[in-house]
Amino acid sequence: KCCQPAWNDPSKRRLVSSLAIVNKSLNQCWIIDASPDIKYQINMISDFLGIDGTPKINGIFLTHAHTGHYSGLLDLGKEALDSSRISLYAMPQMCDFIKSNSAFQFLIDSENIDLTLIENNQKINLVGSTHISPFLVPHRNEMSETVGYNIRSENKSIIYLPDIDSWEDWNVDIISLVRENDHLLIDGTFYSKDEI
């Protein structure tokens, strides 16, 4: 019922959670989660950069194997964007999930994406002093582990955590996390597990 107004009025539409890290001076970006709305989100990045066409996508970081977080990868194939060797960063179980799916393996074989294994708390340099690190969080891990990302530059830090099942089950003090970062984009979808 709460979604009906958006079906009736496209101006009320909301896109699936995703985040772009943009280097405006170099017209390049990194994306966290390839949502089913990736084609719209890439267009938003192009508009932000003030360019025509597709921005230089240096890499895509996946959080986990629930459909809203990876299904946009299919738009990177020959039938759509026909991307060239975009680095796809994923944790071990998520890498196995990608490799065991023939549609995504085809993207690797066609050199649309390069699958890159990452590890918990690994620091991955993006550009200049900006880096990103995945961190494990408790979530419904039926098909892969789940991570959030900490993005840090010389002066600012942001936490991107689109899915978590329980703050109490996480061995991290959320208050300290808030105090140690400038911005937090966190899962606030449900008040309790009973709502799902």
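**Close-up views of a predicted model**

**Figure 1. What lines the second largest pocket?** The lining has seven nonpolar residues, two polar ones and no charged ones. (Nonpolar means Ala, Val, Leu, Ile, Met, Phe, Trp, Tyr, Cys or Pro; charged means Asp, Glu, Lys or Arg; the others, Gly among them, are polar.) This is a predicted model, where local features need pLDDT of at least 70 and side-chain atom pairs count only at pLDDT 80 or more, while totals for chains, interfaces and linings use all residues. Residues are numbered from 1 along each chain as its sequence is written, and side-chain values use heavy atoms, with hydrogens and water left out. To trace the lining, look for Ser18, Leu19, Ala20, Val22, Ile31, Gln41, Met44, Ile45 and Phe48. Two elements give two or more residues each to this lining: β1 (19–23) and α2 (38–49). Of the contributors, α2 gives the most, with four residues. (A pocket is an open set of points on a 1 Å grid over the protein atoms alone, where a 1.4 Å probe fits and protein lies on both sides within 12 Å along at least five of seven lines; lining residues have an atom within 4 Å of a point. Helices, H or I with at least four residues, and strands, E with at least two, are DSSP runs numbered from the N terminus.)

**Figure 2. Gln41, a polar residue of the pocket lining, close up.** You'll find Gln41 in helix α2. Is Gln41 buried or exposed? With a relative accessible area of 12%, Gln41 is buried. (Buried means under 20% relative accessible area, exposed means over 50%, and partly exposed is in between, using a 1.4 Å probe and protein chains only.) Leaving aside residues up to four places away in sequence, Gln41 touches Leu15, Val16, Ser18 and Ser35. (Contact means heavy atoms within 4.5 Å.) Ser18 appears in the pocket lining too.

**Figure 3. A sheet of five strands that includes β4.** The strands line up as β1-β2-β3-β4-β5 in an open sheet, and their pairing is mixed. Which strands stand at the edges? They are β1 and β5: each has a single partner strand, so one side of each is left without a neighbour in the sheet. On the antiparallel side of things, β1 and β2 pair over five bridges, and Val22 sits opposite Cys29 in β2. Further along, β3 (residues 56–61) and β4 run parallel, joined by three bridges. The pair β4 and β5 is parallel as well, this time over five bridges, and Ala90 has Leu117 of β5 as its bridge partner. (Two strands pair if DSSP finds at least two bridges between them.)

**Figure 4. Strand β4 and its residue Leu88.** Zoom in on β4 (residues 86–90), where Leu88 has its place. Five of the five residues of β4 are buried, so the strand is mostly covered. In a regular strand, side chains alternate between the two faces of the sheet. Here, Ile86, Leu88 and Ala90 point one way, Ser87 and Tyr89 point the other way, and all are buried. For Leu88 the relative accessible area is just 1%. Ile60 is the bridge partner of Leu88. Ile60 is also on the list of residues that Leu88 touches, along with Leu62, Leu73, Ile98, Ile113, Asp114, Leu115 and Thr116, not counting residues up to four places away in sequence. For a sense of scale, Leu88 and Met44 are 44 residues apart in sequence and 20 Å apart in space, C-alpha to C-alpha.

**Figure 5. The sheet from β6 to β10.** Here's another open sheet of five strands, with the order β6-β7-β8-β9-β10 and mixed pairing. Its edge strands, β6 (124–127) and β10 (183–186), each pair on one side only. β6 and β7 (residues 130–136) are antiparallel partners over three bridges. Look for Ile124, which stands opposite Ile132 in β7.

**Figure 6. Two loop residues, Asp33 and Asn121, with positive phi.** Most residues other than glycine have a negative phi. Asp33 isn't a glycine, yet its phi is positive, at about 75°. Asp33 belongs to the loop between β2 (28–32) and α2. Asn121 is another non-glycine with a positive phi, near 65°, and lies in the loop between β5 (113–117) and β6. Which is buried and which is exposed? Asp33 counts as buried, at 0% relative accessibility, whereas Asn121 is exposed, with a relative accessible area of 54%.
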